[in-house]
Amino acid sequence: MLKIYNTLTKKKEQFKPINEGKVSLYTCGPTVYDFVHLGNFKSYLTADILRRYLEYSGYEVRHIKNITDVGHLTEDDIAQGDSGEDKIAQKALSEKKTPKEVADFYEEYFKAAEKKLNILPAHYFPRATAHIPQMIKIIEKLLEKGLAYEKNGNVFFDVTKFPEYGKLSGNTLKNLKVGARLEEHPDKKNPWDFALWLKAPKVHLMKFSSPWSLGYPGWHIECTAMSLEYLGETIDIHTGGEDNIFPHHEAEIAQSESYTGQKFVNFWVHTRFLLVDGEKMSKSKHNFYKLEDVLGKGFSPMELRLALLSSQHCNQLNFSWNLLSQSRANLESINDFYTQLFAYEPKIEEAKLANFTLDAYKQEFTAAMDDDLNTPKALAVILKLVSDGNKMMAEKLLGNPAEVKLLLEDFAQVLGLILEKREIPEEIKQLAEERKKVRENKDFASSDDLRQKIEKLGYLVEDSKDGEYIIKKK
Ligand SMILES: [Zn+2]
C-alpha cells in the first residue's frame, strides 16, 4: 500500500482515494514565457512517477496539468504573487510577438520536452485564458460571501476571514505578522491579502473584461478554477514544487475551501529543489540548466531522467555532470542486460537449469515505491536484478529469461525508462565468431588481436565457461 508524505499533515500517510479505484491528480503546470528548467522537470517527474505507480497498482488516474498563459506570478522570487509585471506580455514586447505567440511557443516547447523525458502527457492541459468566466464566477461568490473585497477595480481575498490560513505552509497570520515580507498594494487591507483580480494598466497587452475592471486574474485563482472544473470540489492529490507551497497553494486552499465549503485536496505532494553547487536552481539565480544543455553535452533524455530519479522527491538533489555519467553507466548496464536476455540461450540440459526466483525482487521494488516513491531504492533493486541475472547468465544457469525480461519491463514502465534492445552490428558478430574458432584451436594470440579489434569498434566480448561468449557495448 502506497504511503506518501502529505505536506498538509506533515506525515507519511497511507494513500486512500475518495472514489475506490480512481485517483484525481492535479499538477501546477508551467508559466509559458520561458524555457522550463531541470528543477521544474524534477517536480513534473514526481507527478509522472506517482501516476505511473498508481496505474501499476491498478488505479485509474485522471491527471490535469494547467498551462499558465496569463499573468506573471510563478517567478521564483515574487513573494506574494500579486506584484511584478506580466512576464508573458513583457516577453511579447521584447520579442515583438503577441502574448499568444509567446505562450504557444513555450507551451509547445514544454510538451515536446516532456515527451523527450518520457513524461506521460496529462489527460488535459487546460489554459488559464480559456477559464476566465469560471474564475470570475468564483470571485463573485467570494465577494458575495464577504470573504473578498474590491477597491479601484482590484479584488483581493481577505485572509483574516479564513481562520485556517497557514495550515499548509505554517505561515499563519500570527507568523506572517512577525516575519513575512509581502508586497504592498495601496488597495489592500492587509499586506498578506492576495489578488484575485487586478485592473490592467493601460499598456497591458492581456486584459479581460470583468464586473470590476478591464484586467486579469491573480495567479492562484487559475488553479482553483481549473481544478474545480475538471476534477471536482475535493480532489485526491495536488502536486507542485516546494516553492509552490507558499503563497500559491496556501492561497488555493483559502479561496477554494471558502468557495465550496469543502476540503480542497486530501494529499499535497511537493518536490524538493534541485540544487546546483548547493544552491537552488532558479531563473532568478541564472544557474539553471535546460534540457538542451544536457543533450548538448551528449547525454540522452533517459540518462537525465534516471539522474533526476536518483534522489527521492522529498529530498533535494545536487545536479552535476558526474551524476549524469553515473546514470549513463547504470542505464548502460540495464540495457546490456536487457539485450542479453533476447540473445541468451541456455546451453546445458534442462535438468541443470535454475529458475531465477523473481518474487523477492518484485516485493522489494514494490516496498520501495510504496515508501513515499523511493525511486533510488527501486533503482537499486533493478541494478541488483541485473547483476544477479548477469551472473546466472554467465553460468548458463538462467532458465526463465522471458520472465526476467517481463519483470524488467514492468519495473522500467513504473520508472518511465525506455529500455533499448541493442542490435550488435554484423561485423562485430563475425569477428566474435572468428575469435571463438581461433580460441577453439588454442590460438590465443589471434584471439587477443580479435578482441582488441572488437574493442576498437566499441564492443566488449566476454567469455563464458562453456566456450560461448557475450557481446556488450563498451
Ligand atoms: Zn497552481
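This tour moves through two sheets, the helices that pack on them, and some helix pairs further along the chain.

The model is predicted, and its local features need pLDDT of at least 70, side-chain atom pairs count only at pLDDT 80 or more, and totals for chains, interfaces and linings use all residues. Residues are numbered from 1 along each chain as its sequence is written. Helices (H or I, at least four residues) and strands (E, at least two) are DSSP runs numbered from the N terminus.

**The parallel sheet**

Begin by selecting strands 4, 3, 9 and 10, which in that order form an open sheet of four strands with parallel pairing; two strands pair if DSSP finds at least two bridges between them. Strand 4 (60-65) and strand 10 (265-271) stand at the edges with a single partner strand each, so one side of each has no neighbour in the sheet. Neighbouring strands here are turned by 20° against each other on average, direction ignored, where axes are lines fitted to C-alpha atoms (for helices over the stretch in contact) and angles run from 0 to 180 degrees between N-to-C directions.

Next, colour strand 3 (residues 22-27) and strand 9 (residues 235-241), which run parallel and are joined by three bridges; within strand 9, I237 is the residue that stands opposite L25.

Now add helix 1 (residues 38-56), which packs on this sheet by touching strand 3, strand 4, strand 9 and strand 10, and whose direction makes about 150° with that of strand 9. Contact means that the C-beta atoms of two residues, placed from the backbone, lie within 7 Å. Helix 6 also lies across strand 3, strand 4 and strand 9, running at about 150° to strand 4.

**Helix 6 and helix 7**

Keep helix 6 (residues 219-231) in view and select helix 7 (residues 245-260), since the two axes come within 9 Å and cross at roughly 55°. The helices are therefore oblique to each other, given that angles under 35 degrees count as roughly parallel, over 145 as roughly antiparallel, 65 to 115 as roughly perpendicular and the rest as oblique. The residues to show as sticks are W219, H220, I221, C223 and T224 in helix 6, with H248, A251, E252, Q255 and S256 in helix 7. This contact divides into four nonpolar, five polar and one charged residue; Ala, Val, Leu, Ile, Met, Phe, Trp, Tyr, Cys and Pro count as nonpolar, Asp, Glu, Lys and Arg as charged, and the others, Gly among them, as polar.

**The antiparallel sheet**

Move to the open sheet of four strands in the order 5-6-7-8, where the pairing is antiparallel. Its edges are strand 5 (148-151) and strand 8 (215-217), each with a single partner strand, so one side of each is left without a neighbour in the sheet. Strand 7 (residues 194-199) pairs with strand 8 over three bridges in the antiparallel sense, and W197 has P217 of strand 8 as its bridge partner. Helix 4 (residues 132-144) lies across strand 5, strand 6 (154-157), strand 7 and strand 8, and runs at about 105° to strand 5.

**Helix 11 and helix 12**

Select helix 11 (residues 359-370) and helix 12 (residues 375-394), whose axes come within 8 Å and cross at roughly 165°; the two are therefore roughly antiparallel to each other. Their contact is made by Y361, E364, F365, A368 and M369 of helix 11 and by K377, A378, V381 and L385 of helix 12. By class, this contact has seven nonpolar, no polar and two charged residues.

**Last stop**

Finish just after helix 14, where K442 takes a positive phi of about 55°.
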